[in-house]
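Please work through the following exercises with the sequence and the coordinates at hand. Each task is followed by a stepwise solution.

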Amino acid sequence: MTATHHSPGSAPASAGAASEWVCPMHPEIVQDHEGDCPICGMALEPRIATLDDGPGAELVDMTRRLRVATALSLPLVLVAMADMLPGAPLGHFGSGWPFAIASAVLATPVVLWGGRPFFHRGWHSVRTRHLNMFTLIALGIGAAWGASTLALIVAVAAPDLIPLAYRGMGGAPHVYFEAAAVITTLVLVGQVLELRARSRTSSAIKALLGLAPKVARRIAADGTETDVPLETIGVGDLVRVRPGERVPVDGDVEAGASAVDESMISGESIPVEKTVGSRVTGGTVNGTGSLVVRAARVGADSVLAQIVRLVGEAQRTKAPIQRLADQISAWFVPAVIVVALVTLAVWWWVGPEPRLSHGLINAIAVVIIACPCALGLATPISVMVATGRGAMAGVLFKDAAALETLAKVDVVLLDKTGTLTEGRPSLAAVDPLPGFDADSVLRMAAAVERASEHPLAAAIVAGAAARGLELPAVADFQSVTGQGVVGTVEGRRVVLGSARLLEREGVAVGHLADLAAQRRQDGETVMLVGLDGRIAGLLAVADPIRADAVAVLRALRDDGLEIVMVTGDDRVTAEAVARRLGIDRVEAGVLPDQKGRVVERLRQAGRVVAMAGDGVNDAPALALADVGVAMGTGTDVAIESAGVTLLKGDLRGLVRARALSRAAMKNIRQNLFFSFAYNALGVPVAAGVLYPAFGWLLSPMIASAAMSLSSVSVIANALRLRSVALPQVRPAA
């Protein structure tokens with residue numbers, strides 16, 4: 001078996017390829033075919049699930065072995081049960097020569113063929129010095145079968161060497177073939193149940209993949225319409241989306257109007273109205289209207305494909321809390337082997353006759369019940385299910401660390417523009433000074449702003465276009481970060497921005513500052529305009545507050561979070577918006593490169609900080625925060641600087657993300673507690689500590705059943721996250 005080791009949390013060059021297989025417990029183990037993890041021995045899984053995934057080769061093989069093992073072990077179980085019944089017709093058949101020989105014949109193929117994968121993985125763990133659960137399973141089954149085989153051979157070849165205490169009816173030796181066979185069968189049961197349950201953890205990705213329609217109705221240049229396979233649609237093609245159909249591609253509406261259900265990327269069930277020019281996303285559901293959409297992103301570039309890729313990568317990362325399980329697992333298996341040897345020695349020394357038999361059985365029970373599979377699965381299984389659940393609710397976690405840390409956050413920094421506001425500012429007013437014409441001032445300002453990429457610049461240019469103004473060319477354009485722009489238009493020097501910029505350019509603001517302050521108190525962003533060294537007027541731009549912002553902030557405060565608004569706007573404008581939102585703490589006049597300092601200051605004060613922004617000019621702060629939350633736009637969901645992306649830029653997703661993070665961490669803690677408690681209680685009982693007081697011993701067969709069920713229980717608990725209820729925040733009426 002060849003495997004490639006990648007550092008945890010990083011993906012190989014071809015991450016996401018369907019042909020890559022990865023260990024659920026050790027995501028750094030990647031190979032190009034099915035097989036076993038060289039560290040823990042578990043079956044590898046596809047890096048990203050596909051709709052074509054059928055039963056894995058591992059599941060098929062284990063199921064076949066289980067069927068044969070069950071058929072051969074069942075007679076041994078029936079004989080053992082019959083021996084326990086009073087007056088049973090078989091009497092003590094279970095301790096005579098016929099039973100010893102029959103059990104050897106039936107159990108040997110079960111152990112050597114049915115349990116072959118366990119012996120292979122156990123030996124590999126010893127050879128590579130990565131002791132794991134299969135080390136213990138192979139040791140337990142091998143000890144039971146090996147001791148029985150040796151006893152049977154000695155009893156036939158040299159019967160005098162076996163003491164009377166270790167003989168049954170007719171001088172037959174005590175053998176444990178039925179225990180070895182039943183343990184093997186029960187471990188196979190556990191493996192089959194576990195493999196089936198683990199396959200369900202990828203149900204979220206499969207559900208997302210199932211959202212994409214198989215065909216699209218393409219409109220040809222001559223207007224004819226034909227249903228074609230989705231993969232034949234290219235960028236620029238026109239497709240028709242009829243009522244009730246899923247949108248096949250990411251694109252822009254060219255004709256028609258409808259309401260589209262975007263719950264698959266926003267988590268909200270209320271349909272969104274779409275008209276000409278609106279952006280639609282592949283996989284969403286069209287309502288009652290008909291739409292003509294021009295494809296903009298197809299195949300691997302689509303939002304849906306990016307979501308699947310990001311979720312697949314997040315599911316294969318390790319949460320910090322898993323370090324505890326990893327540290328324990330490093331010494332757990334050797335410690336169990338020591339405990340088993342001590343158990344054998346103590347029973348052999350002070351136990352009742354036959355002392356060696358009691359010691360061997362109890363040592364095997366210790367080895368079997370202590371298998372740390374549940375401990376290893378406790379964290380990664382919950383992470384896989386939670387990240388998939390998040391994707392279905394419009395929340396993408398970049399990795400398991402972000403999922404864990406978000407639950408610990410106690411302060412949230414929110415950028416104003418595009419996060420608390422719509423992010424679509426519009427021109428609210430043009431106030432020229434005497435001697436200047438409003439259209440002339442706007443025309444000159446828009447000509448300069450046309451060279452800028454700032455959202456406010458787009459609002460000014462759009463305002464000029466709405467008034468039918470033709471914009472001349474700009475020369476000597478210069479953008480001053482956080483202050484404004486400067487340029488030459490038709491030979492005139494134009495300065496547009498803050499009072500600080502105008503003063504730097506030698507333009508006296510004068511009494512216009514009072515009017516600017518008044519507009520800022522109404523929450524508008526004001527830009528002063530200077531022409532040829534004179535103040536000419538001001539432009540006011542308004543960015544409406546999101547309809548759901550107040551309700552979202554109330555929900556976050558009720559969850560114990562402190563809210564801080566961080567913005568580059570001046571303090572008057574920022575505080576006006578903060579008052580309307582009920583935010584008490586404002587960091588105003590903060591340039592993009594200074595937002596990171598606000599984050600660092602809070603972290604140095606011992607706070608756990610989440611920063612929510614648009615993922616562009618907020619990238620440094622998003623990267624410095626304990627958790628960066630990017631407001632995805634539906635066209636660029638892969639914002640590398642953020643740990644969490646809210647699809648469609650829906651602020652309500654932050655409330656859902658927080659709730660899911662807390663639910664996932666609660667689930668992980670439950671799994672870890674169950675795993676620790678299981679071993680803490682099971683190992684002493686298997687060793688026989690209750691025997692002196694109550695005469696209770698734990699059969700290795702019961703221990704193997706308990707071991708298998710513990711892993712299945714952990715997976716079943718993690719799967720509950722698929723249906724965890726997430727809060728739905730509604731705007732106040």
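The exercises below treat a sheet, a loop residue and the nonpolar cores.

The model is predicted: local features need pLDDT of at least 70, side-chain atom pairs count only at pLDDT 80 or more, and totals for chains, interfaces and linings use all residues. Residues are numbered from 1 along each chain as its sequence is written, and side-chain values use heavy atoms, without hydrogens and water.

**Exercise 1.** Determine the strand order of the seven-stranded open sheet and identify its edges.

*Solution.* Strands are DSSP runs of E with at least two residues, numbered from the N terminus; two of them pair if DSSP finds at least two bridges between them. The order is β14-β26-β25-β24-β15-β22-β23, with mixed pairing. β14 (395-397) and β23 (585-587) each have a single partner strand, so one side of each lacks a neighbour in the sheet. Within the sheet, β15 (411-415) and β22 (562-566) pair in the parallel sense over five bridges, and Leu 413 has Val 564 as its bridge partner in β22.

**Exercise 2.** Establish whether Gln 483 is buried or exposed, and list its contacts.

*Solution.* Gln 483 lies in the loop between β17 (474-480) and β18 (484-489). Its relative accessible area is 19%; buried means under 20%, exposed over 50%, partly exposed in between (1.4 Å probe, protein chains only). Gln 483 is therefore buried. Beyond neighbours within four places in sequence, Gln 483 contacts (heavy atoms within 4.5 Å) Leu 496, Gly 497, Ser 498, Arg 500 and Leu 501.

**Exercise 3.** Which residues have the most contacts inside the largest nonpolar core?

*Solution.* Such a core joins buried Ala, Val, Leu, Ile, Met, Phe, Trp, Tyr and Cys residues through side-chain atoms within 4.5 Å. In the largest, of 129 residues, they are Ile 137, Phe 397 and Val 644.

Methods: Helices (H or I, at least four residues) and strands (E, at least two) are DSSP runs, numbered from the N terminus.
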